[in-house]
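Please open the model in the viewer and keep the sequence panel at hand. The tour proceeds by selection, from one stop to the next.

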Amino acid sequence: MTSSSGASRRQVLAVAAAAATAPLLAGAPAEAKPKQPKTWDLTILGTSDTHGNVYNWDYYKDAEFDDSKHNDVGVAKLATLVNQIRAERKGRATLVLDAGDTIQGTPLATYYAKQEPITSTGETHPMARAMNILKYDAVTLGNHEFNYGLPLLATWIEQLGFPALAANALNAKTGKPAFLPYVIKEVKLGGHGAPKLRVGILGLTNPGVAIWDKGNVEGRLVFADMVATAAKWVPEMRRRGADLVVISAHGGDSGTSSYGPELPNENPTALIAEQVPGIDAILFGHAHNEVPEKFVTNLTTGERVLTSEPSKWGQRLTRMDFTLTREKGRWTVTAKSATTLNTNTVVEDPAVLAAVRGQHTKTVEYVNRVVARSSVELSAAESRYKDTPILDFINHVQTEVVTEALAAGEYAGLPVLSIAAPFSRTAVFPQGDVRIRDVAGLYVYDNTLEAVVLTGAEVKAYLEYSAKYFVTLPAGAPVNPETISDPAVPDYNYDVFSGVDYDIDIAKPVGQRITRLVLAGTDTPVAADARFVVAVNNYRRSGGGNFPGIVKTQVYNAQQEIRQLLIDWAQAKGVIDPADFFVPNWKLVRDGVPVF
């Protein structure tokens, strides 16, 4: 006999008996748990703004680097952290990127660009030696990579064992990328048989190069908007198979610029994350801030873009961690996070130290050469708010050089003024021997000297703009030198003039502070149509800081480095004596009463 289902009676009874002996279960029958997708992980390590620091060394003090927060510096420290993480992740994918500003910033870097340039000697640059030991996967060009000209930059790039990226630096004639825009790295996630992940890395440099290094790039390179460049290349990288897209950007995330609107945004990292779909993470630099982890929501997709900035000089290492799943041949990022690691927790990597030891030693010997003797100690500690001899030293040398250069020409009859900024709060010329490192500590940038002609009205407008550096303090309010300046204005964007006498009234609103501006040593007001030759550094004259009136054709530009001019003057004189150059000509006042 068979049932209507076609099963025999014996089969039906057997099934029923089995059911009868099965344990009774409360509620609905149990469902099989869904199989959890397998996950893999990727770590990306990031550095930025190392600025020529390899050893944990302060060349200006000739001592181990230290600051008030006991930070350490240098690629050798970074290498130890990187090697530790690589060791703990052995067999799993780890990439190492840099977001730029690498070959400028210390006497070590300057020495191999100026004293023994790698373009002449063929020697490998110390930053190439150090970074090759560390085995980076890619570096983005920062704006300071262009400081020493395109030939030296090209030589350094050739010396690297990994690609240098800058998608928005374009050949001025062809409009095509002048450097590699991006790379796609194929990495293996885990051990034998693990799948491969294609990581696209796009490099974006800073458009401000067009201003700050105009003399090196004008007519050769143009710099496109970083947001627009990302919007162009990210989809292209995806089309070419990038499963994960990371941008290494040399621009901060404030959305503001230190220059005017004539160039694309200087600090657009957050804007890139908001406006360009398809980006998983951005390593960024330029602003020298520590941003361990910051998420920015993309306005089109709603996806959260991970961003991180690892401070400066090798003080921090960014670590980004990604968790990924793979389904039907497609990768999905299921989690991502970032943090920054402090390099003061580790010792320097001996392999990096060994690779650069000879160059470090040579630089130390160079900066310790005595160039002159100072009759008294000269300090820059108060130069921001008081007229000091040490800042007058800079202005005197600049004035002398420009005056001599123009002595026989059409500008010989014009008074020569000079501009200098208080770059350092710690620089000191000790009484007695003054060494190259003391001069370098006063003038820490590799600027060259230029000169332009300004009218009296332009000089006053310039001084008014510079005076925004100070906070407004009513007469009678307490004055604290530590808080007298606006924290939004860096010291290097406050300028001091020599050659005219003036008062800055910090009780008055910005734009109305130059209450006295007279010809040097007189009570004669500077006429609006008076003409002056003004000695100024190339950064400022090119538009750095967005000062008014200064971006114009130079009447002097011999491409002489200001730091070297200071050294040469001191060596020629043999003695640095304030009596030879100190002329008090400006002061802070409130309602006409001196603040100090």
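Helices (H or I, at least four residues) and strands (E, at least two) are DSSP runs, numbered from the N terminus. The model is predicted: local features need pLDDT of at least 70 and side-chain atom pairs count only at pLDDT 80 or more, whereas totals for chains, interfaces and linings use all residues. Residues are numbered from 1 along each chain as its sequence is written, and side-chain values use heavy atoms, with hydrogens and water left out.

Select β16 (330-342) and β14 (304-310), the elements that give two or more residues each to the lining of the second largest pocket. A pocket is, on a 1 Å grid over the protein atoms alone, an open set of points where a 1.4 Å probe fits, with protein on both sides within 12 Å along at least five of seven lines; lining residues have an atom within 4 Å of a point. The greatest contribution to this lining, seven residues, comes from β16.

Keep β16 selected and add its sheet, which is open and mixed, in the order β6-β5-β4-β1-β15-β16. Strands pair if DSSP finds at least two bridges between them. β6 (164-165) and β16 are at the edges with a single partner strand each, so one side of each has no neighbour in the sheet.

Next, select R89 and D41, which form a salt bridge with the closest N and O atoms 2.5 Å apart. A salt bridge is a side-chain nitrogen of Lys or Arg within 4 Å of a carboxyl oxygen of Asp or Glu.

Finally, select K114, D446, E561 and R563, which a network of salt bridges links.
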